[in-house]
Amino acid sequence: MPVPVPQLGSFDYVPETKENLDWADLVTVDLGLYNTPEGKKQLAQTLINAIRNEGFFYVKNFNISQERVNRQFSIGKQFYDLPLEEKEKYIPEGLDQGKFNGYVPAGRRTGLRDKTEIYNIPKFNGYFPHEHPELIQQNLPEIEEFARALHTEVLDPLFVLLAIALELPEDYFTKIHQYSEKSEDHLRYMKYTKYSLEENKTLDNWGYGHTDLGSFTLLFRQPVAALQIRSHVNNEWKWVKPQDATLTVNACDALQLLTAGYVKSTIHRVTVPPLDQQHVDRLGLLYFSRPHNDVPLATIKESPVLQREGFVKNDFETSGNSVPTMEGLFFEVVEYLPSPTGYHGDTKYRNAVILPGFAERPYV
Ligand SMILES: [Fe+2]
């Protein structure tokens with residue numbers, strides 16, 4: 001029997017900028033090629049080159065229809081349209097200590113009041129409470145299905161390709177990213193409310209350059225240009241162009257630590273959008289993947305590639321300090337953040353040593 005689908009209304013994407021920005025030249029991992037051994041081998045090479053050089057890449061043909069993606073944007077939009085008092089009921093207790101599932105209001109960063117709101121939804125695997133406003137609650141089965149599909153259709157294939165590239169057993173990374181296990185993965189609806197033209201003139205960027213903490217971050221097509229990435233090759237900032245029916249993906253700190261820097265966590269920031277898009281709000285749909293909480297972030301010793309290439313000790317191991325688990329690192333890092341959106345503008349925290357061997361790293 002078909003499941004009744006709640007009405008969501010249509011979701012209208014903002015038109016793309018007409019400005020000719022300095023776009024990053026990123027490769028695309030076409031998962032349509034994933035089902036043959038040759039295709040996999042080719043994609044593994046594409047992936048590893050991308051995350052060692054350009055840093056970000058696109059993924060297409062991932063078996064999740066545009067209609068399902070549109071419905072998630074629509075849920076996100078309707079959530080942000082709720083009255084602030086309603087949203088504020090879902091601010092997590094212990095937000096400053098890293099309890100970040102639920103609603104994170106704007107204005108938690110210093111400087112000109114930030115206008116970034118976040119709603120994080122954790123895994124549906126029994127380890128996390130799910131208390132949501134009615135709007136989210138009534139769409140919860142669909143949200144769960146969507147989050148699980150991101151694991152099976154996108155993350156699992158990417159982890160297999162990464163394992164192939166490192167000459168590891170194909171299930172090496174999928175085994176430490178099981179949906180059923182406890183990890184701080186989360187689906188996020190994120191809203192950057194627009195600033196006035198005058199305010200924008202006083203801002204260099206909307207968010208500081210930073211790396212993400214986990215394994216891969218998945219970012220659904222974002223028509224408002226503002227994401228910039230810093231090249232690993234020449235440190236230049238380039239804009240990320242929205243591409244139809246793709247995800248934009250970046251490798252994050254946990255993968256960098258597990259591979260002793262062979263895979264690089266990409267530095268990125270949200271800057272002021274081009275003039276023809278400064279009059280609109282920017283709604284984001286993202287998924288953050290993390291290794292299981294109990295995975296130690298030590299260099300993988302079984303990879304012939306890492307051994308051959310000399311990537312054998314990560315920053316913790318080189319410094320002689322103890323290696324934290326994913327959970328240990330996460331809760332140390334959030335201690336330093338007034339919001340889990342990223343690194344902030346308070347200069348006293350810049351370059352702070354969060355754990356011995358792991359410093360705060362803003363790149364403005
Ligand atoms: Fe980020």
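1. A quick cut-off before anything else: a residue is exposed here if 12 or fewer other C-beta atoms lie within 10 Å of its own, and buried if there are 20 or more. By that count, Q66 and E67 of helix α2 are exposed. Bear in mind that this is a predicted model.

2. Now the rest of α2. The helix covers residues 66-80, 15 in total, and its end-to-end C-alpha reach of 21 Å is close to the 21 Å expected. Its buried residues are R71, Q72, I75, G76 and F79. Looking down the axis, these fall within an arc of 140°, so they line one face of the helix. Q66 and E67 are on the other side.

3. What sits over that buried set? The cover includes strands β4 (116-122), β5 (186-192) and β11 (282-288), plus helices α4 (134-138) and α5 (140-165). As for how α2 is laid down, it crosses β4, β5, β6 (216-220) and β11, at about 120° to β11.

4. On to the sheet. It's open, has eight strands and mixed pairing, and reads β1-β2-β9-β6-β11-β5-β4-β3 in order. β1 (28-30) and β3 (102-104) are the edge strands, each pairing on one side only. From one strand to the next, the twist averages 25°.

5. If you want to check the β3 end by eye, look for antiparallel pairing with β4 over three bridges. Y103 has Y119 in β4 as its bridge partner.

6. Around β1, helix α1 (residues 37-52) is the one to look at: it lies across β1, β2 (56-60) and β9 (246-251). Its direction is at about 155° to β1.

7. Then the packing. In soluble globular proteins, nonpolar side chains tend to be buried together. Here the largest nonpolar core has 77 residues, and the members touching the most others are L47, V59, L161, L162, L218 and L247. α5 gives the most to this core, with 14 residues. Take L162: leaving out residues up to four places away in sequence, it touches L47 and F173.

8. Last one: H132, in the loop between β4 and α4. Is H132 buried or partly exposed? It has 19 C-beta neighbours inside 10 Å, so it counts as partly exposed; the buried class takes 20 or more. Beyond four places in sequence, H132 is in contact with Y90, Q137 and L140. Its C-alpha is 9.0 Å from that of I121, which is eleven residues away along the chain.

Terms used
Residues are numbered from 1 along each chain as its sequence is written. This is a predicted model: local features need pLDDT of at least 70, side-chain atom pairs count only at pLDDT 80 or more; totals for chains, interfaces and linings use all residues. Helices (H or I, at least four residues) and strands (E, at least two) are DSSP runs, numbered from the N terminus. The expected span of a helix is 1.5 Å times one less than its number of residues. The arc is that of the directions from the helix axis to the C-beta atoms. Two residues are in contact if their C-beta atoms, placed from the backbone, lie within 7 Å. Two strands pair if DSSP finds at least two bridges between them. Axes are lines fitted to C-alpha atoms, for helices over the stretch in contact, and angles run from 0 to 180 degrees between N-to-C directions. A nonpolar core is a set of buried Ala, Val, Leu, Ile, Met, Phe, Trp, Tyr and Cys residues joined through C-beta atoms within 7 Å.
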